[in-house]
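Student: I've got a model open and I'd like to learn how to read it. Can we go through it feature by feature?

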Amino acid sequence: MVPVRRNQTWLPDIFNDFFDNDWMVRTNATAPAINVLENENSYEIEVAAPGMKKEDFKVHIDENGNLAIEMEKKVDEKDEKKNGHSLRREFSYSKFQQTMVLPDDVQRDKISAKVEHGVLNVIIPKVEKAKPEDNKRVINIE
């Protein structure tokens, strides 16, 4: 689906071109992609985090009982040329925080997380359902 652009007939096109921000460079300020999967025994959350290490993450249960995933990466790289006068220094900082309301059927104390191939995987086990007991019972006749 492509958005439709409607031209204003009462304003010259120069105003449309000026106020249209397609010519401006946009910064990539988007949050990482998150997948939430459910199976019979657990929920699994996948957070796309290329280049991140496990030290860059903090996963915890907050004071409201919600799952909080925080990601923070600071990079301070120096690249100096010894034979010339140039010095290149790059600063990079990214931070992300997502809070998710956990369903009632999870075991909050058994949540685990791991980082593998640029993806944070959070496994949230479900509470084991009680198996229905066999309703057949022999009644002795006296």
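Student: Let's start with burial. Is K126 buried or exposed?

Tutor: This is a predicted model, so keep that in mind throughout. The idea is to take a residue's relative accessible area and call it buried if the value is under 20%. K126 comes out at 13% relative accessibility, so K126 counts as buried.

Student: What does K126 form a salt bridge with?

Tutor: Here's the general idea first. Side chains of opposite charge can pair when their charged atoms come close. In this model K126 forms a salt bridge with E38, and the closest N and O atoms are 2.6 Å apart. The two come from distant parts of the chain: E38 sits in strand 1, K126 in the segment after strand 7 (119-125), and 88 residues separate them.

Student: And how does E38 score on accessibility?

Tutor: The cut-off for exposed is over 50%. E38 has 55% relative accessibility, so E38 counts as exposed. That gives you a pair with a buried lysine and an exposed glutamate.

Student: How many salt bridges does a search of the whole structure find?

Tutor: Three. Another one is D56 with K73, where the closest N and O atoms are 3.3 Å apart. D56 is in the loop between strand 2 and strand 3 (57-61), while K73 belongs to strand 4 (residues 67-80), so this pair ties together parts 17 residues apart in sequence. Here both D56 and K73 are buried.

Student: Which side chains meet at 4.0 Å, N to O?

Tutor: Those of E116 and K114, in a salt bridge. For accessibility, the range between the buried and exposed cut-offs is called partly exposed. E116 falls there, with 40% relative accessibility, and K114 is partly exposed too, at 48%.

Student: Okay, zooming out. How many helices and strands does the protein chain have?

Tutor: One helix and seven strands. Reading from the N terminus, the elements go α-β-β-β-β-β-β-β. As for burial over the chain, buried residues account for 21% of its 142 residues.

Student: Which order do the strands take in the open sheet?

Tutor: When you read a sheet, follow who sits beside whom. Four strands form this open sheet, in the order 1-2-7-6, with antiparallel pairing. Strand 1 (34-38) and strand 6 (112-116) are at the edges, each with a single partner strand, so one side of each has no neighbour in the sheet. From one strand to the next, the twist averages 15°.

Student: How many bridges join strand 1 to strand 2?

Tutor: Five bridges, and strand 2 (residues 42-48) runs antiparallel to strand 1. The connection between these two is a hairpin of three residues. To check the register, look at residue pairs: I34 has V47 in strand 2 as its bridge partner, and V36 stands opposite I45 in strand 2.

Student: Last one: pockets. Which residues line the second largest pocket?

Tutor: With a pocket, ask about its volume, then who lines it, then what chemistry they bring. The second largest pocket holds about 160 Å³ of space. Its lining is E40, N41, D105, K126, V127, E128 and K129. By class, that's five charged residues, one polar and one nonpolar. You'll recognise K126 in that lining: that's the residue paired with E38 in a salt bridge.

Terms used: Residues numbered from 1 in each chain as written. Predicted model: local features only at pLDDT ≥ 70, side-chain atom pairs only at ≥ 80, totals over all residues. Heavy atoms only, no water. 1 Å grid on protein atoms, 1.4 Å probe; cavity = no way out; pocket = protein on both sides within 12 Å on 5 of 7 lines; lining within 4 Å. Points joined across faces, edges and corners; volume = space filled by probe spheres on them. Nonpolar A, V, L, I, M, F, W, Y, C, P; charged D, E, K, R; others polar. Pairing = 2+ DSSP bridges. Axes fitted to C-alpha atoms, helices over the stretch in contact; angles between N-to-C directions. Buried < 20%, exposed > 50% of the residue type's maximum accessible area, 1.4 Å probe, protein only.
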